[in-house]
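Work through the exercises below with the coordinates open. Each one sets a task, then solves it in steps.

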Amino acid sequence: MTPGQGGNLTAMDVAAALDRLAPRLSPTATVARNARRLSGGASLETWAFDLDDGSPLILRRRPDGALPRDTALPLSSEAALIRAADTAGAPAPSVVHVCEPGDDLGEAYVMHRLEGETLGRRIVRDEAFARVRPGLARRCGEVLARIHAVPIDDLPPLATSDAKGELARYERLYRQMDAQRPILEAAFRWLGSIAPPAPQRPVLVHGDFRNGNLMIHPGHGLVGVLDWELAHLGDPAEDLGWMCVNSWRFGEWRRPVGGFGDYADLLAGHGGDITLERVKFWQALGSLKWGVMCLMMYQSFAAGADRSIERAMIGRRTSETEIDLVALMEAA
Amino acid sequence: MISHPTLTELSEAIAAFDAEAPAPGDARHAFLARVADNARATVAREAEQGAQLETEAIERLKALLGCEGDFTKLNADLCEALRSGGMSTRDPALLAHLRATAIGQIRIDQPSYGGLEALLASD
């Protein structure tokens with residue numbers, strides 16, 4: 001079957017295409033080796049491979065026929081954003097090549113493979129990261145400030161959103177499901193009553209900046225911001241709030257920033273230009289959005305699109321966002 | 001009283017998983033086996049605690065709404081009162097009901113979740 005014209009590439013197809021591409025990825029390379037699919041997202045494939053000159057690389061590609069999530073960016077846009085962030089001094093894997101039709105890899109790009117850990121549970125608990133954990137929250141604030149300062153005029157087309165628009169979008173998605181969740185209902189009303197106005201100047205928002213999408217090195221700390229497919233223009237406080245959602249603290253709930261740090265460090269790292277109140281609004285909206293997403297993933301089980309036990313069980317994670325929302329509403 | 005998924009749907013999904021014959025060394029199957037074990041534990045907790053939870057929720061909802069009905073009706077009524085703005089999200093009796101509901105359900109769905117300890121510590 002011709003790649004890119006239906007069906008999906010096998011591991012052998014991917015390995016063969018990377019082999020042909022190798023000389024264009026590095027002037028000293030002739031072949032690619034050890035191509036292997038990493039576990040991870042269903043909407044995008046991630047492959048690790050090496051060139052024979054030793055370069056460690058990553059291929060990101062959209063499975064053939066897979067439609068991007070409604071808000072997800074084309075991979076060429078994701079690659080352009082990573083390059084822009086790199087230029088602005090935010091740690092990101094260098095993009096080596098954006099694939100073209102003749103590469104036989106479909107919609108895809110190649111980037112450098114960074115060394116480190118992305119598993120949140122290890123980052124918040126393992127002794128190996130004890131040395132870098134105390135500085136991570138401040139560093140996250142600094143890196144976000146660089147992303148938020150990227151000049152937006154030269155970026156690929158991006159959607160613009162604000163607090164009220166996001167609330168309305170997620171309430172529509174919730175209503176479509178006919179779920180009866182009083183805590184989510186109360187959260188929509190509460191957050192609607194305190195939603196901040198759109199920022200005067202929208203900035204580049206990463207959109208999924210959280211423990212789990214950050215490459216952390218035991219010696220060098222945050223070395224790469226990954227998964228840019230939900231990037232958009234909007235309120236910089238959105239990224240800070242999402243970072244503090246309890247679902248990404250991996251049990252370390254006393255440390256609001258990713259399970260490793262405090263609000264004050266995150267805010268100071270960003271430059272002290274964003275209020276804690278605004279971050280907490282976006283944190284609560286983040287919990288609410290994650291709750292709706294869990295229900296939507298369950299819905300694909302209920303509708304028969306994906307009958308896996310995983311899709312059924314993720315519906316039962318909605319209650320984690322509900323208990324967090326109750327705590328936030330009580331404290332408000 | 002818990003839906004999305006219901007106890008029945010969870011049990012069906014577990015049975016469907018158990019009927020699969022994986023290829024040796026199938027990493028995806030190994031991952032799903034852990035999910036299925038969690039699902040079995042959730043089903044067991046709900047079988048033990050679910051009925052009591054529903055009885056208590058009905059009593060709270062009757063007092064909060066001042067009307068009668070089964071859990072499904074009362075819960076839908078509460079959702080509508082919140083959606084329409086008929087009930088304030090600052091009502092202490094509402095917040096007490098939501099708190100008890102959240103605690104009851106997380107004890108079934110994910111008793112080790114940090115948010116439970118956090119909420120109990122906020123007393």
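**Exercise 1. The two domains of chain A**

Task: find how far apart the C-alpha centres of domain 1 of chain A and domain 2 of chain A lie, and describe the interface of these two domains.

Solution. The model is predicted.

Step 1. Take the centres. Those of domain 1 of chain A and domain 2 of chain A are 26 Å apart. The domain assignment puts domain 1 at 11-112 and domain 2 at 120-331.

Step 2. Count contacts. Domain 1 of chain A brings 21 residues, which are in contact with 21 residues of domain 2 of chain A.

Step 3. Get the area. The two domains of chain A bury about 1,700 Å² between them. Carbon and sulfur atoms carry 65% of that.

Step 4. Search for charge pairs. The rule finds one salt bridge across this domain interface. A salt bridge of 3.3 Å, N to O, joins the side chains of Arg60(A) and Asp227(A). Five residue pairs are in polar contact across the same interface, both residues at pLDDT 80 or more.

Step 5. Assign the domain 1 side. Helix α2 (residues 75-87) of chain A gives the most to the side of domain 1 that touches domain 2, with seven residues. By type, that side divides into 13 nonpolar, four polar and four charged residues.

**Exercise 2. Chain A against chain B**

Task: state how much area chain A and chain B bury between them, and find which element gives the largest share of the side of chain A that touches chain B.

Solution.

Step 1. Size the contact. It takes 40 residues from chain A and 48 residues from chain B. The two chains bury about 3,600 Å² between them, with 65% on carbon and sulfur atoms.

Step 2. Rank the chain A residues. Ile309(A), Arg316(A) and Ile323(A) lose the most area to chain B. Together they make up 23% of what the chain A side buries.

Step 3. Count polar links. Five salt bridges run between chain A and chain B. One of the pairs in a salt bridge is Glu117(B) with Arg254(A), at 3.6 Å, N to O. There are also 12 residue pairs in polar contact between the chains, both residues at pLDDT 80 or more.

Step 4. Map the elements. Those of chain A giving two or more residues to the side that touches chain B are α6 (182-194), α9 (276-302), α10 (309-314) and α11 (318-331). The largest share of that side comes from α11(A), with nine residues.

Step 5. Sort by type. The chain A side divides into 19 nonpolar, seven polar and 14 charged residues.

**Exercise 3. Two polar side chains**

Task: decide whether Asp50(A) and His97(A) are buried or exposed, then list their side-chain polar contacts.

Solution.

Step 1. Apply the cut-off: buried means under 20% relative accessible area. Asp50(A) has 14%, so Asp50(A) is buried. His97(A) has 8%, so His97(A) is buried.

Step 2. Place them. Asp50(A) is in strand β2 (residues 45-51) of chain A. His97(A) is in strand β4 (residues 95-98) of chain A.

Step 3. Find the partners. The side chain of Asp50(A) makes polar contacts with the side chains of Asn34(A), at 3.2 Å, and Arg113(A), at 2.9 Å. The side chain of His97(A) makes a polar contact with that of Asp103(A), at 2.8 Å.

Step 4. Look further around His97(A). Beyond four places in sequence, its contacts include Leu21(A), Arg24(A) and Tyr109(A).

**Exercise 4. Salt bridges and what they link**

Task: place both ends of the salt bridges Arg189(A)–Glu171(A) and Arg307(A)–Glu12(B).

Solution.

Step 1. Set the background. The whole structure has 34 salt bridges over all chains.

Step 2. Take the pair within chain A. The side chains of Arg189(A) and Glu171(A) meet at 3.1 Å, N to O. Arg189(A) lies in helix α6 and Glu171(A) in helix α5 (residues 163-176) of chain A, so the pair ties together parts 18 residues apart in sequence. Arg189(A) is partly exposed at 25%, whereas Glu171(A) is buried at 16%.

Step 3. Take the pair between chains. Arg307(A) and Glu12(B) meet at 3.9 Å, N to O. Arg307(A) is in the loop between α9 and α10 of chain A, and Glu12(B) is in helix α1 (residues 7-18) of chain B. Arg307(A) is partly exposed at 43% relative accessibility. Glu12(B) is partly exposed at 44% relative accessible area.

Technical notes. Residues numbered from 1 in each chain as written. Chains lettered and ligands numbered in written order. Predicted model: local features only at pLDDT ≥ 70, side-chain atom pairs only at ≥ 80, totals over all residues. Heavy atoms only, no water. Domains from an automatic or database assignment. Contact = heavy atoms within 4.5 Å. Buried area = accessible area lost by both parts, 1.4 Å probe. Salt bridge = Lys/Arg side-chain N within 4 Å of Asp/Glu carboxyl O. Polar contact = N/O pair within 3.5 Å; in protein donor to acceptor, adjacent residues only side chain to side chain. Helix = DSSP H or I, 4+ residues; strand = E, 2+ residues; numbered from the N terminus. Nonpolar A, V, L, I, M, F, W, Y, C, P; charged D, E, K, R; others polar. Buried < 20%, exposed > 50% of the residue type's maximum accessible area, 1.4 Å probe, protein only.
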